[in-house]
Amino acid sequence: MNIYFPDRLSDMDFEFSDEEKIFQENLREYFSKSLRPRLREIDEKGIPKDFILDATKLGLWSLTFSEDVGGQHASFTLASIAAEEIARSDFTMATAVFFLLENSWGYILDKYGSEELRKEVLPKVVSGENFLGIASTEPTGGSDVANLKTSAKKEGGKYVINGEKAYISGVMEAKELGGGHLTLVRTGEKGHKGISIIYIPINLEGISVSKIENMGRMGISTGIIKYNNVKIDEKYLVGEENKGFYYAMDGFNHARVLVASACIGSAEAILDEGLKYIKEREAFGVKLKDLQSIAFEAAELYTKIEMARLLVYKSAWMLDNEEKFKSEIPKFSAMVKLIAPQTAFEVIKSVMMWFGAYGYTKDAVIEAGMRGLMSYLLGAEGALNVMKLIISREILK
């Protein structure tokens with residue numbers, strides 16, 4: 001019996017293109033100078049406004065937007081490279097959160113919004129003048145999007161919004177810079193088929209905002225938004241009424257890949273610091289790297305990062321070939337959101353333990369990475385058990 005083995009080597013290439021390599025190298029150099037030295041400042045005072053404006057020269061906040069609104073129309077592979085490199089330099093995760101919100105939810109507004117809405121909102125995000133975020137979580141639930149309670153009732157040519165959103169990223173940035181959030185509201189029947197997305201500027205009359213003090217990721221604000229008879233023109237509806245749940249799931253699929261990219265970038269940076277340390281630090285007359293227990297742990301951590309990273313970039317590639325992999329994308333985006341934060345947390349915990357007492361100090365900076373990363377273990381962009389639920393539903397159909 002003759003077995004035919006097709007030559008598939010020409011179809012498989014895990015190397016970045018020349019364009020992607022140059023992009024990665026340039027970003028790493030830029031962020032090493034513009035972000036890494038300001039990591040503690042970001043953690044304590046917020047992302048510097050001068051950095052937000054300066055980064056517009058790279059098109060950082062609009063990589064995934066269409067060119068007609070000033071975007072780069074870049075691939076999600078390039079966006080994933082950017083998220084990874086940002087978190088390598090600012091492993092508090094704050095700048096990475098700002099980046100992924102703009103590029104995933106700006107992408108959704110660009111994809112589904114009307115021409116009028118796109119051209120009103122997105123150019124200001126491109127220039128760094130306005131912030132754009134997502135407001136889905138409510139006090140009664142986060143991942144259970146289908147049961148949200150914030151209502152939008154149409155009166156004439158306007159929607160009247162009442163309700164409350166909680167644990168929303170970028171509330172103070174939107175207040176200070178201008179801008180708002182893609183807000184999930186109920187416009188129809190109970191369940192996911194009665195949900196719409198409306199872009200709501202945060203400075204409208206009837207909106208009140210309060211800040212929540214998080215344990216980490218403090219360079220970008222988190223807060224509560226309350227809507228009390230907020231009136232907004234129906235032109236701010238994104239796409240079709242009652243189709244918002246589907247748009248939101250598309251957004252989460254893209255956001256989760258960028259989240260995972262950032263987690264891997266953070267893990268890479270902190271493991272690099274750990275490897276430098278164990279190569280130099282001596283205990284019991286030998287370098288820590290010569291202790292098999294630590295050397296083997298380092299080998300496992302390095303391998304796990306590489307495994308997660310391969311899954312991240314496969315998922316980004318699938319997003320870039322959306323029509324071909326439409327049915328697979330939800331599963332893969334959930335897989336990377338499940339694996340990457342856990343891998344990064346394991347890396348950070350181990351490196352802190354290698355550092356000993358020094359790792360527990362703020363001087364070591366590693367603790368800022370651990371605090372920031374916890375948000376993605378707890379639920380931002382979807383709790384880990386929800387990721388398991390998505391994956392299990394897909395593979396058990």
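## Packing of helices α11 and α12

In this predicted model, helix α11, which covers residues 329–355, packs with helix α12, which covers residues 366–378, at an angle of about 155°, and their axes lie 10 Å apart. Because angles over 145 degrees count as roughly antiparallel, α11 is described as roughly antiparallel to α12. The crossing that the two helices, α11 and α12, make is left-handed.

On the side of α11, the residues that take part in the contact are K337, P341, Q342, A344, F345, I348, K349, V351, M352 and F355, and they meet I366, E367, G369, M370, L373, M374, Y376 and L377 of α12. Sorted by character, the residues of this contact between α11 and α12 comprise 13 that are nonpolar, two that are polar and three that are charged.

## The surroundings of Y313

Another helix, α9, spans residues 292–320 and holds Y313. With a relative accessible area of 12%, Y313 is buried, because a residue under 20% relative accessible area is counted as buried.

Leaving aside residues up to four places away in sequence, Y313 touches F16, T77, S80, I81 and E84. With one of these residues, E84, there is also a polar contact between side chains, in which Y313 and E84 are joined at 2.5 Å.

## Y313 and Y227

A separation of 86 residues along the chain lies between Y313 and Y227, and the C-alpha atoms of Y313 and Y227 are 39 Å from each other in the model.

Technical notes
Residues numbered from 1 in each chain as written. Predicted model: local features only at pLDDT ≥ 70, side-chain atom pairs only at ≥ 80, totals over all residues. Heavy atoms only, no water. Axes fitted to C-alpha atoms, helices over the stretch in contact; angles between N-to-C directions. Helix = DSSP H or I, 4+ residues; strand = E, 2+ residues; numbered from the N terminus. Parallel < 35°, antiparallel > 145°, perpendicular 65-115°, else oblique. Left-handed = near helix turned anticlockwise from the far one by under 90°. Contact = heavy atoms within 4.5 Å. Nonpolar A, V, L, I, M, F, W, Y, C, P; charged D, E, K, R; others polar. Buried < 20%, exposed > 50% of the residue type's maximum accessible area, 1.4 Å probe, protein only. Polar contact = N/O pair within 3.5 Å; in protein donor to acceptor, adjacent residues only side chain to side chain.
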